[in-house]
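User: I am new to this structure and would like a close look at a single part of it, followed outward to whatever surrounds it. Please take your time and explain the terms as you go.

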Amino acid sequence: MSPLPGFTPFPPERARRYRELGYWRSESHGALLRASATTWPDRLAVIGGADRWTYAELDARVDATATGLVDNGVRARDRVVVALPNTAEFVEVVFALFRSGALPVFALPAHRETELTHFAALGEAVAVVVDGTDPAAVDRAVAVADRVPSVRRIVLTGATVGSSDPRVTGLADLRAAPPRRLPEPDADEVAFLQLSGGSTGIPKLIPRTHDDYLYSVRESARICGLGPDTVQLVVLPVAHNFPMSSPGILGALHAGGTVVLAPDPSPTTCFPLIEAERVTDVALVPPLALVWTAAAASGTRDLSSLRLVQVGGAKCTPELAARIPQTLGAPLQQVFGMAEGLVNYTRLDDPDDVVRLTQGRPISPDDEVRVVDDEDRDVPDGAEGHLLTRGPYTICGYYRADEHNARVFTPDGFYRTGDRVRRLADGNLVVEGRAKDQINRGGDKIAAEEIEDHLIAHPRVHDAAVVAVHDAFLGERSCAVVVLRGTEDPAPSAADLRAFVRGRGVADFKVPDRVEFVDALPATGVGKTHRSDLRAAVAGWFRAPAVDHAEVI
Ligand code: OOB
């Protein structure tokens with residue numbers, strides 16, 4: 001079959017090699033679940049709220065839901081936007097889509113109407129799946145369906161709200177027909193579309209195949225020591241690549257373990273769950289790890305079942321790294337990954353220093369990592385440079401983004417990650433910073449240009465730049481630097497502009513934490529915003545808040 005339009009397949013000789021090496025095993029996601037359900041039918045697969053499903057139960061539900069999807073007109077290769085909280089039904093829906101051959105587009109519960117509309121339009125999605133117990137989420141799905149003509153169905157999980165809209169179906173209704181066993185899609189097909197953290201104006205979609213993704217999942221499960229006794233607590237948004245596959249829920253389900261979905265990441269919710277379900281593994285972002293270590297230090301809950309605490313998504317400081325085993329009572333693993341592919345882990349038997357001071361090394365011996373200068377020349381080990389990578393589970397192109405792909409992939413297929421790293425002699429990477437115009441707000445990624453475009457849509461905003469400012473808790477926060485135009489009163493305040501951006505229908509975490517006004521932005525020779533000068537200036541303001549900003553730049 002010809003590849004999905006808009007997908008850049010791996011070059012044939014690399015694909016052949018990855019198969020020969022046994023990395024790609026022609027296994028689909030649906031087959032992975034089937035295999036585990038055959039081996040461990042009676043073990044608990046998923047716990048979420050009141051739901052507790054064994055592997056056999058999950059597998060049967062997935063067959064029923066997949067049948068319902070197909071009977072409702074969802075076909076192989078159709079795209080379906082999934083924006084669900086951490087519930088057992090998320091696992092059911094996503095595997096049902098895998099089995100039907102349709103492609104989930106992994107939105108986050110934080111995404112709002114503008115973002116969901118964009119994903120649905122770019123993916124020409126046929127359906128949207130949202131939490132039926134959240135009226136705002138249902139309204140959003142209806143708004144997306146109204147705006148994107150390809151969206152014919154709205155599927156609601158949970159106790160569904162009644163609707164006279166013929167497009168709306170409850171997940172339970174989908175499950176009503178007698179289930180059939182559907183043929184699995186080919187494993188070299190695109191399995192789903194992940195979201196890119198992005199740096200340009202329009203968020204990109206990341207096509208991952210069954211073959212490439214499951215290789216990373218199996219290896220992640222092996223590297224992290226998962227097995228049938230693993231009880232994995234999911235506290236980050238489950239659709240994100242980290243809790244999904246590093247080794248995440250897919251790794252746990254591959255290994256015969258149990259996935260426990262936490263409705264929110266607070267210690268108040270999660271510590272009792274750890275105690276009650278004897279949780280062994282958890283993945284955190286650094287700000288959450290800070291909150292958890294503080295709570296554990298003064299808490300009374302029994303966390304002694306914890307075997308591994310993973311921290312990733314943003315840089316973990318050496319201080320935090322040291323505190324985790326002391327307070328949570330389990331070893332730390334640093335994880336430096338990206339939805340585009342490459343994932344690095346510190347290994348469970350690494351010396352303390354490596355775990356504390358590095359972000360680990362790649363999963364695969366065939367992950368090719370280059371660290372280069374601005375002219376793409378390799379720099380020696382220990383020197384900082386741009387990280388480029390290609391390998392058996394790193395994409396060769398974003399979905400439907402030819403122009404962007406020409407910029408972020410080298411002619412020989414290396415992905416320019418936008419991260420600045422040092423590679424040590426032992427192969428471990430240390431993340432030093434970022435060249436891409438992105439803010440990493442405690443693991444939540446914000447593309448500067450996306451928010452600048454929203455700000456510039458305000459009639460009184462002439463120009464705007466969004467940059468990162470250091471923050472002791474989140475690592476980084478966002479600061480919008482704005483040049484106003486016009487003289488009509490009243491000029492918008494910082495609060496007005498924040499409300500304006502929020503009102504444009506974007507996730508809360510993308511709303512600028514601060515808004516500062518200047519007379520002009522620093523410019524490069526060709527008249528573009530000089531971001532490094534601006535970042536330096538902004539950093540200066542926050543060290544000395546009394547300065548007149550307009551004079552600094
Ligand atoms: C993970 O994936 P994304 O796609 O949300 O973000 C990727 C970017 C990286 O390019 C890097 O800039 C940053 O997030 N990042 C880290 C990091 N882990 C990710 N920066 C410093 N230290 C780390 N440990 O964030 C992701 C995907 C899979 C596993 C883990 C994280």
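Analyst: The place to begin is G475, which lies in strand β24 (residues 475-484); helices (H or I, at least four residues) and strands (E, at least two) are DSSP runs, numbered from the N terminus. The model is a predicted one, in which local features need pLDDT of at least 70 and side-chain atom pairs count only at pLDDT 80 or more, while totals for chains, interfaces and linings use all residues. Residues are numbered from 1 along each chain as its sequence is written, and side-chain values use heavy atoms, with hydrogens and water left out.

G475 is partly exposed, with a relative accessible area of 32%, where buried means under 20% relative accessible area, exposed over 50%, and partly exposed in between (1.4 Å probe, protein chains only). Leaving aside its neighbours within four places in sequence, G475 is in contact with V469 and H470, contact meaning heavy atoms within 4.5 Å. Strand β24 also holds S478, but S478 is buried, at a relative accessible area of 1%. Once neighbours within four places in sequence are set aside, the contacts of S478 are I439, I446, V466, V467, V511, P512, D513 and R514.

From G475 the path leads to K315, for although these two residues are 160 apart in sequence, their C-alpha atoms are 7.7 Å apart in space. K315 in turn leads to the ligand, since a polar backbone atom of K315 is 3.4 Å from a nitrogen atom of the ligand; a polar contact is a pair of N or O atoms within 3.5 Å, and within protein one must be able to donate a hydrogen and the other to accept it, with residues adjacent in sequence counting only if both atoms are side-chain atoms. An oxygen atom of the ligand lies 3.0 Å from a backbone N or O atom of A339, and a polar side-chain atom of K445 lies 3.0 Å from an oxygen atom of the ligand. Of the 600 Å² of accessible area that the ligand has on its own, the protein covers 96%, the areas coming from the Shrake-Rupley method with a 1.4 Å probe, and for residues only the protein chains shown count as cover.

Altogether 19 residues surround the ligand, the closest being H240, V335, D419, K436 and K445; a residue is near a molecule or strand if one of its heavy atoms lies within 4 Å of it. The shell around the ligand divides into seven nonpolar, eight polar and four charged residues, where Ala, Val, Leu, Ile, Met, Phe, Trp, Tyr, Cys and Pro count as nonpolar, Asp, Glu, Lys and Arg as charged, and the others, Gly among them, as polar. At least two residues of this shell come from each of α9 (241-245) and β14 (332-338), and β14 gives the most, with four residues.

Two further places can be read alongside this shell. After α9 comes the loop between α9 and α10 (248-255), where P247 is found, and a cis peptide bond with omega of about -15° joins S246 and P247. A435 sits in the loop between β20 (429-434) and β21 (438-441), and is partly exposed, with a relative accessible area of 39%. Apart from neighbours within four places in sequence, A435 is in contact with H386, G418 and R420, whereas the C-alpha atoms of A435 and E450, 15 residues apart along the chain, are separated by 17 Å.
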